[in-house]
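Have the model open in front of you and let's walk through it together. We'll start with one small pairing and work outwards from there.

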Amino acid sequence: MPPVPHLATALTGPLYELESRILAAQPQIEHWFRSQWHAHATPFYGSVDLRNSGFKLAPVDMNLFPGGHNNLNPEFLPLAVQAAQSAVDKVCPEARSILLIPENHTRNTFYLQNVATLVHIFEQAGLKVRLGSLSPEIAEPTELVAANGDKLTLEPLERRGNRLVLADGFNPCVVLLNNDLSSGIPDQLKNLEQTLLPPLHAGWAVRRKTHHFEAYNKVCDDFARLISIDPWTINPYFASCGGLDFHARTGEEQLAETVSQMLDKIRRKYREYGIDNDPFVIVKADAGTYGMGVMSVKSPDEVIGLNRKARNKMSVVKEGLEVSEVIVQEGVYTFETVNEAVAEPVVYMMDRYVIGGFYRVHTGRGIDENLNAPGMHFVPLSFETPCLPDRKGLPDCAPNRFYAYGVISRLALLAASLELEATDPDAE
């Protein structure tokens with residue numbers, strides 16, 4: 001059994017109250033979620049980075065092309081298989097096969113292990129899975145070896161009419177992207193008649209974190225009314241800032257002003273709750289992932305006159321994309337530790353179901369820093385039951401804490417659904 005994390009703060013404050021309310025309202029919450037999923041299409045899959053400060057439990061990032069499935073507790077593979085069956089049944093009930101398109105960074109053997117885990121999940125769900133690559137380096141079937149020794153064969157994609165196929169005619173009705181399209185939308189993927197999941201506008205070529213958290217604001221307000229809580233306890237403040245050029249130092253003053261206003265706003269809330277910690281914000285690229293283009297800031301002075309190393313770090317994200325827009329997000333402390341190292345939970349979902357999660361742990365980072373950085377490691381969440389609460393247990397016992405994680409993560413998933421509806425180019 002993986003270690004149960006230690007929350008390094010007294011569980012007598014607002015979070016204990018929040019967990020108690022979530023536990024008491026479980027039937028209403030689950031009914032509310034069911035009604036929401038009748039009204040909104042569920043994203044195919046996703047993962048949510050949470051932060052638990054003891055006075056606040058909030059998502060800080062939502063990934064719609066999740067890697068890291070290899071870090072989930074293998075004991076809960078049946079949850080993922082059932083969720084995969086449900087998700088595929090919705091889009092193509094007669095599906096017998098699926099074409100999975102991974103990221104292009106095929107030299108990352110841990111990422112390949114994630115791909116191998118996805119292949120295993122869908123095979124267990126009764127589907128034939130083959131891997132098609134967008135990378136120009138894959139010109140013929142190529143065998144790759146994942147970190148754990150699993151072997152994968154990547155094949156070059158072919159476009160025939162409005163369908164993606166492989167050379168021998170493999171022609172499934174479902175094409176699943178595990179590639180977040182950071183470098184743009186390839187022509188190969190446009191105007192397909194096959195079901196493409198997630199849709200193209202879920203990729204970072206279109207998506208913005210600020211759009212997601214605008215949708216999350218609405219979801220939070222509705223949920224907070226449902227269980228009578230202050231939405232701030234589950235929702236980080238945020239603001240957007242554009243027109244930036246970190247190399248040329250363009251827009252520094254505007255960014256500093258946005259940081260200053262955000263810190264003042266958080267400070268007022270801390271006073272309301274009697275919180276002694278210093279407020280901080282996270283400045284990060286409005287598009288993109290992999291923990292790139294992120295800095296933790298406690299004073300507006302820190303974003304003025306960045307040194308060359310800091311400017312280089314903030315100016316470019318995955319695929320070499322220049323950063324001109326950032327989200328300035330309320331920083332949420334993490335007071336959770338695993339074996340005395342700072343940790344944050346990451347929860348995975350497929351269709352509308354929580355299928356597991358893990359703690360991202362970093363021995364070299366602090367409670368107010370981004371943990372998605374080199375040197376991190378992962379500890380599977382020790383769900384004693386599949387995210388079902390023990391309503392007779394204390395609010396902070398492991399299954400109840402993890403149930404609360406699952407609730408907040410599903411709120412982020414619902415926000416992603418609203419976000420995708422709002423940015424759908426085919427919507428009327």
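Find Cys-241 first: across from it, in strand S15, stands Val-326. Keep in mind that you're looking at a predicted model. That pair sits where S12 meets S15, two strands that run antiparallel and are joined by four bridges. If you're wondering what holds such neighbours together, strands of a sheet pair through backbone hydrogen bonds, either parallel or antiparallel.

Now step to the other partner of this strand. S13 and S15 are also antiparallel, and here there are five bridges. One example to look up is Lys-284, whose bridge partner in S15 is Ile-327. From S13 (residues 281-285) you can move on to S14, again in the antiparallel sense and over four bridges. Here Val-283 is the one to click on, with Met-295 as its bridge partner in S14.

Put those pairings together and you get an open sheet of four strands, ordered S12-S15-S13-S14, with antiparallel pairing. Which strands stand at the edges? They are S12 (238-241) and S14 (294-297); each has a single partner strand, so one side of each is left without a neighbour in the sheet. Going from strand to neighbouring strand, the average turn is 20°, direction ignored.

What about S15 itself, is it enclosed or open? Five of its five residues are buried, so S15 is largely enclosed by the rest of the structure. Part of its surroundings is helix H5 (residues 209-227), which lies across S12, S13 and S15 (326-330). The helix runs at about 150° to S12.

Before leaving this region, have a look at the loop between S12 and helix H6 (252-273), where you'll find Arg-249. Its phi is near 60°, a positive value in a residue other than glycine. Why does that deserve a glance? Because most residues other than glycine have a negative phi, and most peptide bonds are trans. Arg-249 has 39% relative accessibility, so it counts as partly exposed.

Now for the other sheet on our route. This open sheet has six strands in the order S6-S7-S5-S4-S10-S11, and its pairing is mixed. Its edge strands are S6 (142-145) and S11 (195-197), each of which pairs on one side only. From one strand to the next, the twist averages 35°. At the S6 end, S6 and S7 (residues 151-156) pair in the antiparallel sense over four bridges, and you can spot Thr-142 standing opposite Leu-154 of S7.

Helix H4 packs on this sheet, where it touches S4 (97-102), S5 (128-133), S6, S7 and S10 (174-178). The direction of H4 makes about 170° with that of S4.

H4 has a helix for company too. The axes of H3 (residues 77-91) and H4 (residues 109-124) come within 8 Å and cross at roughly 70°, so the two helices are roughly perpendicular to each other. The crossing of H3 past H4 is right-handed. On the H3 side the contact is made by Leu-77, Ala-80, Val-81, Ala-84, Gln-85 and Val-88, and on the H4 side by His-120, Ile-121, Phe-122 and Gln-124. Sort the residues of this contact by type and you get seven nonpolar, three polar and no charged.

Let's finish the tour around the S11 end of the six-stranded sheet. In the loop between S10 and S11 you'll meet Leu-181. Leu-181 isn't a glycine, yet its phi is positive, about 55°. With 1% relative accessibility, it counts as buried. One residue that touches it is Leu-200, which also touches Ile-185, Leu-189 and Lys-190, leaving aside residues up to four places away in sequence. Leu-200 lies in the loop between S11 and H5. Its C-alpha is 9.6 Å from that of Gly-184, and the two residues are 16 apart in sequence. Pro-198 is in the loop between S11 and H5 as well, and a cis peptide bond joins Leu-197 to it, with omega about -20°.

Finally, zoom out. The protein comes to eight helices and 19 strands, and 57% of its 428 residues are buried. Among contacts between residues at least 6 apart in sequence, 69% join residues at least 24 apart.

Terms used. Residues are numbered from 1 along each chain as its sequence is written. This is a predicted model: local features need pLDDT of at least 70, side-chain atom pairs count only at pLDDT 80 or more; totals for chains, interfaces and linings use all residues. Side-chain values use heavy atoms; hydrogens and water are left out. Axes are lines fitted to C-alpha atoms, for helices over the stretch in contact, and angles run from 0 to 180 degrees between N-to-C directions. Angles under 35 degrees count as roughly parallel, over 145 as roughly antiparallel, 65 to 115 as roughly perpendicular and the rest as oblique. A crossing is left-handed if the near helix is turned anticlockwise from the far one by less than a right angle, and right-handed if clockwise. Contact means heavy atoms within 4.5 Å. Ala, Val, Leu, Ile, Met, Phe, Trp, Tyr, Cys and Pro count as nonpolar, Asp, Glu, Lys and Arg as charged, and the others, Gly among them, as polar. Two strands pair if DSSP finds at least two bridges between them. Buried means under 20% relative accessible area, exposed over 50%, partly exposed in between (1.4 Å probe, protein chains only).
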